[in-house]
Every structure is written in structure tokens, then in C-alpha cells.
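This briefing introduces selected local features of a structure to a reader who has not met it before. Please view the sequence and the structure together before reading on.

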Amino acid sequence: MATRIDRAQVAETALDLLNEVGLEGLTLRRIAKELGVQAPALYWHFKNKQELLDEVATEMFRRMAEPLSAVDSSSWQACLAGSARVVRSFLLGYRDGAKVFGGTRLTGRSYAGPVEEMMGKIVAAGFTPSAAARAWFTVNTYTMGYVMEEQSVHPVPGGERDPAYDLEDRADRLKGYPLVIAAGAEFFGEMEAGFETGLHAVVAGIEATLLPPGPAGVE
């Protein structure tokens, strides 16, 4: 039974609970029960649930840091795409992972080193620092948004498709709207293939709009 706790311990416990209870069930009271303390003890560390989620997201990023550092850096395209795949894979491993990670504020400085390394690789390819930041932000937000949709279709990591996203039922319900039916199959069918198609489009758009012309921007 825990008698003394710190912010990191609370965040780690919350992350470990996520697959069991989901974001909605991830309350300070539930985490306190898991830690063997009273809920008021957690308010010493976190004023509200948002502060807790900020710390949980920071812990998630800490766990991503090593695989992010190991992505293929043979080109800036490979670096950005590889980073997106790492983030997607990691978030899919946690129930509501994208909802927890998105819209939070990372705490402390532990994330700064990996982000600096990533930014350095992109700047070295010819991007200005501001363009590199925009490129990373764009890929990252695409990835989080896509995973959020994926986790609506498959709420439990490795689990079955939510019946609400059954494509045959959807097609029957929308008879007479062939383009809408086709769009649903594209949106909610082969999710991994769809992610890769969208990622390719995002990276191509970054090259077209953010990479300055000249030798440094040519592979």
C-alpha cells in the first residue's frame, strides 16, 4: 500500500489504468484507489483532471522518446513519416490514447531533448526553424486526429470493430447515396492503408509549401 506518492507515480498509474477504464473512467478517485490512498491526497499534486492529463501525456511522450530517436533519418520525409508511425502505433496501444494525448500541455523539460533532436534533423534538410516546427506540428496533428477516428472504430486496442461502424449496415442505411457510401468505406475501411495514404499527402504538401527552394531542399 502506497503511503507517499509523487506526480510521476500518479501519471504512471493513470496510464497503466487507461486500457481498463478509458478516459471517461480515469478519475482521480479511481487512481487513488489503485494507489491505495484517499482521493484528496492527489489534489496536492493536481488541481483538476486536466492537470493530471497533462502529466499523463508527458509520461506518454517519455515512453515514445526512444523509438522516436530511432526512426530512419536518411531523408526528412522518412524522418517525419517514421515519427508519425511511431506516434500512431504508441497511441493505438492505449484506449482513448489520442484523446488523452491531444490538446494537452507537456510539463517539465523531459520532452525538449527529443523534440530538439527531431527539429534538428528537419532543419538540417533545409527547412527554416519555423517551417520545421510547422512541418512537425502538421504531421503530428494529422496523426492524432487520424488515431482519434481509428479509436472510434476500434475502441479497445486490438479489439473488434464497433458495430456502429459496420460498413454493410451503413451502406444499407444510406442506399441512394453512392458517393457517401464510398466515402465511408474509404474513411472507415482499411484504416492503416488510409493512414499511409493521408500521411503521404501531408508530407507531399509540406514539401510543396514549406521547404525552401534550393540545393539544401533537394535530396
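The notes below concern a helix and a loop residue.

The structure is a predicted model. Two topics are covered: the buried residues of helix 2, and the surroundings of Asp162.

**Helix 2**

- Helix 2 spans residues 28-35, and its buried residues are Leu28, Ile31, Ala32 and Leu35.
- These buried residues lie on the same side of helix 2, because they cover an arc of only 100° around the axis.
- In an α-helix there are 3.6 residues a turn, so residues three or four places apart point the same way.
- Arg29 and Lys33, by contrast, are exposed on the other side of helix 2.
- Helix 1 (7-25) and helix 3 (49-69) are the elements against which the buried residues of helix 2 pack.
- Gly36 follows helix 2 and has a positive phi, near 80°.

**Asp162**

- Asp162 is located in the loop that runs between helix 7 (129-153) and helix 8 (167-173).
- The relative accessibility of Asp162 is 26%, so this residue counts as partly exposed, since the partly exposed class lies between under 20% for buried and over 50% for exposed.
- Leaving aside residues up to four places away in sequence, Asp162 touches Ser152, Val153 and Pro155.
- A polar atom of the Asp162 side chain lies 2.8 Å from the backbone nitrogen of Ala164.
- Gln151 and Asp162 are separated by eleven residues in sequence and by 9.4 Å in space, C-alpha to C-alpha.

Conventions
Residues numbered from 1 in each chain as written. Predicted model: local features only at pLDDT ≥ 70, side-chain atom pairs only at ≥ 80, totals over all residues. Heavy atoms only, no water. Helix = DSSP H or I, 4+ residues; strand = E, 2+ residues; numbered from the N terminus. Buried < 20%, exposed > 50% of the residue type's maximum accessible area, 1.4 Å probe, protein only. Contact = heavy atoms within 4.5 Å. Polar contact = N/O pair within 3.5 Å; in protein donor to acceptor, adjacent residues only side chain to side chain. Arc of directions from axis to C-beta.
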